[in-house]
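Hi,

Here is the structure I promised to pass on. Have a look at it first, and my notes follow underneath.

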Amino acid sequence: MRCPEEVLVRDVLYVCQGIDGKYVKFDANVDGYVLSDSIKVPRATRVVVRKLCELGWLFRKVKGYISEIMGRFPAEDVGTVGQAFCAALQDELSDYYRLLAVLEAQAMNPIPLVSESISSVNYLSLRRLSIWFAEPTVKMRLMAVLVDKCRVLRGGAMAGAIHLHARHGDPLVHEFMRSLLQHVCSPLFEMVRSWVLEGELEDIFAEFFVVGQPVKAESLWREGYRLHAGMLPSFISQPLAQRILRTGKSINFLRVCCDDRGWADTATEAAAAAGTTTRRGSLGYGETDALETLVVEAAKRIDKHLLDVMYSRYKFKEHCLAIKRYLLLGQGDFVQYLMDIVGQELSEPANTISSFQMAGLLESAIRSSNAQYDDPDILDRLRVKMLPHGTGDRGWDVFSLEYDARVPLDTVFTESVMARYLRIFNFLWKLRRVEHALIGAWKTMKPNCITSHSFTKLQHAVKLQLLSTLRRCQVIWNQMNHFVTNLQYYIMFEVLEVSWSNFSNEMEVAKDLDDLLAAHDKYLHSIVEKSLLGERSHSLYKSLFVLFDLILRFRSHADRLCEGIYELQARTRASSLSSQDNSKSRRQTRDDPSEPGLWFSDGRKALEQRAGEFLQNMGRELEEISKEYTVLLEGFLSQLPVQQHVDLKFLFFRLDFTEFYSRLRPGT
């Protein structure tokens with residue numbers, strides 16, 4: 001059966017609207033429109049019809065996608081970008097429908113025969129139809145590709161995928177994609193504008209590349225918001241996305257943590273400086289430079305406002321200095337008063353110490369030092385913290401200070417950061433305790449050197465033994481004091497002061513809160529590493545604490561020696577008492593000759609014998625301490641040159657600047 005060309009043209013127009021024609025119908029087996037084999041047409045005509053029907057097949061795919069997506073709305077989360085994409089496709093189809101209406105009007109006119117003269121009336125043939133369909137086919141083919149590409153995508157990922165097809169050399173394709181993207185990216189740019197200028201995350205369908213989650217106020221900056229790389233469109237660079245994230249995060253930090261509203265005026269100034277407005281729809285696709293200018297201006301002004309609030313209203317620098325003075329023991333007179341006041345209490349078992357009593361002693365130390373002139377808000381944040389104690393722990397082992405960093409300061413001084421400060425405090429407190437112990441030993445030893453003339457009546461051997469023991473004790477004290485003094489100088493000046501100076505300089509040049517956090521982390525890391533508290537210095541740290549324990553043990557031996565000398569002085573003066581008093585002294589029990597308080601007063605000879613035994617025992621114990629100290633110190637010094645941090649090598653130079661210890665070690 002033959003078919004006139006006018007009928008085929010009309011069928012093709014039907015097919016291009018997704019409707020089966022009289023002779024051209026959709027075949028699901030081949031997934032396309034086919035002309036019935038029963039129709040007798042030339043092969044060339046059949047080929048032309050098949051090519052023209054491609055437009056109908058493409059239209060069917062695009063129209064089916066729109067119907068599918070919009071059929072799911074609002075039951076499912078289609079998303080604003082997906083809706084905008086469907087709206088843009090629908091607009092293109094509207095233009096396509098208008099073209100088909102024009103073509104249908106022309107198809108009503110009969111096709112003139114070759115023998116007839118050319119008429120001015122428009123008519124439509126298959127060849128003319130192929131010319132009319134050239135441009136719509138290109139657009140429809142592109143839309144079909146985008147439909148296949150975006151079927152499983154949403155939000156920024158969808159916009160990025162569409163943007164990749166805009167990089168085309170054909171002006172027609174480029175302009176078509178630009179028009180399409182202006183519709184598709186409109187919701188995305190509105191999200192950016194709202195986030196950067198208002199701090200509002202208008203993203204109910206999870207399409208934006210900034211993702212928020214509910215957190216506590218102290219975790220808002222670090223954990224409240226993050227970038228979703230999968231939703232970041234390709235036309236927004238990673239640095240720009242990070243700046244967008246930080247700008248909106250700064251607004252929310254000011255609003256939630258700082259209870260500040262000054263950011264609103266700052267955002268308006270930023271929009272004016274960028275040459276745009278804060279109203280909706282002020283940005284769109286193709287205005288990436290304008291977007292970047294807006295983000296840069298907003299970030300610069302809002303970050304500066306945030307730092308001003310932190311420095312001026314919440315006195316961040318003053319709180320950092322307070323932590324350095326109290327937790328890092330930089331306030332010398334306060335630390336000395338505190339040591340003197342709590343020393344006796346902390347010598348008791350840990351389970352017998354009251355934290356309320358310690359808090360009272362802390363208040364006394366503050367009132368007795370220049371700390372009393374500090375800001376009351378700062379002093380109110382300083383508190384006593386008693387650590388968990390084990391069996392045999394003394395108060396020295398569990399006593400510590402803590403600083404209450406409230407919102408918004410707890411964004412910087414988090415629990416993990418304060419735990420590191422606590423670790424540094426425990427180390428410095430132990431160092432100060434050792435120094436305090438050596439000072440106490442000196443106070444008890446010095447008077448004995450002055451009053452040694454009291455023993456002129458003793459036997460020469462006993463006097464020599466006494467002077468030898470005193471000298472040995474003094475030499476050990478000098479060695480330990482040299483070590484502790486130089487170590488403390490290194491910690492306080494080479495570590496704490498240098499790190500603080502660097503931190504202060506970095507605070508001055510910080511441009512945003514991230515810079516401030518990075519500077520503080522660097523400051524804290526520097527102190528931890530230089531103070532032997534890092535992972536790489538663990539063995540050195542353990543050796544140092546063994547030395548500290550030995551020095552404290554020496555203090556107890558020095559106290560016993562001085563008590564014995566005081567007892568000997570008293571017994572020497574009492575040697576001229578009456579025999580009645582001496583007989584009373586003989587009846588006192590005695591057990592250990594190294595315990596001076598249990599000596600007999602049974603005559604000068606017995607007194608000298610007991611004194612000789614005591615001094616001999618003390619001399620032997622001091623000699624053991626001296627040898628153990630030398631071994632431990634050499635072991636500690638031998639590890640310093642191999643440390644990776646250069647400042648630890650400088651510590652070795654300070655401790656051994658005369659190369660005395662180097663000459664003692666074999667092979668040096």
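**A serine and a cavity**

S537 touches E529, L532, Q643 and L648, leaving aside residues up to four places away in sequence; a contact here means heavy atoms within 4.5 Å. Before going on, note that this is a predicted model, where local features need pLDDT of at least 70 and side-chain atom pairs count only at pLDDT 80 or more, while totals for chains, interfaces and linings use all residues. Residues are numbered from 1 along each chain as its sequence is written, and side-chain values use heavy atoms, with hydrogens and water left out.

Back to S537: it sits in the loop between α20 (513-530) and α21 (538-573). Helices (H or I, at least four residues) and strands (E, at least two) are DSSP runs, numbered from the N terminus. S537 is buried, at a relative accessible area of 3%. The cut-offs are under 20% for buried, over 50% for exposed and partly exposed in between, with a 1.4 Å probe and protein chains only.

S537 also helps line the largest cavity, along with E529, R536, Q643, Q644, H645 and L648. That cavity holds about 40 Å³ of space, and a search of the whole structure turns up 1 cavity of 30 Å³ or more. A cavity is a set of points on a 1 Å grid over the protein atoms alone where a 1.4 Å probe fits but cannot get out, and lining residues have an atom within 4 Å of a point. Grid points are joined across faces, edges and corners, and the volume is the space filled by probe spheres set on the points.

**Two helix spots**

α8 (residues 186-198) and α10 (residues 238-256) pack at about 45 degrees, their axes 7 Å apart. That makes α8 oblique to α10. On the α8 side, V192, W195, V196, L197 and E198 meet α10 residues including I244, L245, I251 and R255. Axes are lines fitted to C-alpha atoms, for helices over the stretch in contact, with angles from 0 to 180 degrees between N-to-C directions. Under 35 degrees is roughly parallel, over 145 roughly antiparallel, 65 to 115 roughly perpendicular, and the rest oblique.

Nearer the N terminus, α1 (residues 5-15) has L8, V9, D11, V12, L13 and V15 buried. Their cover includes β1 (24-27), β2 (32-35), α2 (43-72), α3 (80-107) and α4 (126-132).

**Overall**

The protein has 25 helices and 6 strands, and 48% of its 668 residues count as buried.

Cheers

How values were computed:
On a 1 Å grid over the protein atoms alone, a cavity is a set of points where a 1.4 Å probe fits but cannot get out, and a pocket is an open set with protein on both sides within 12 Å along at least five of seven lines; lining residues have an atom within 4 Å of a point.
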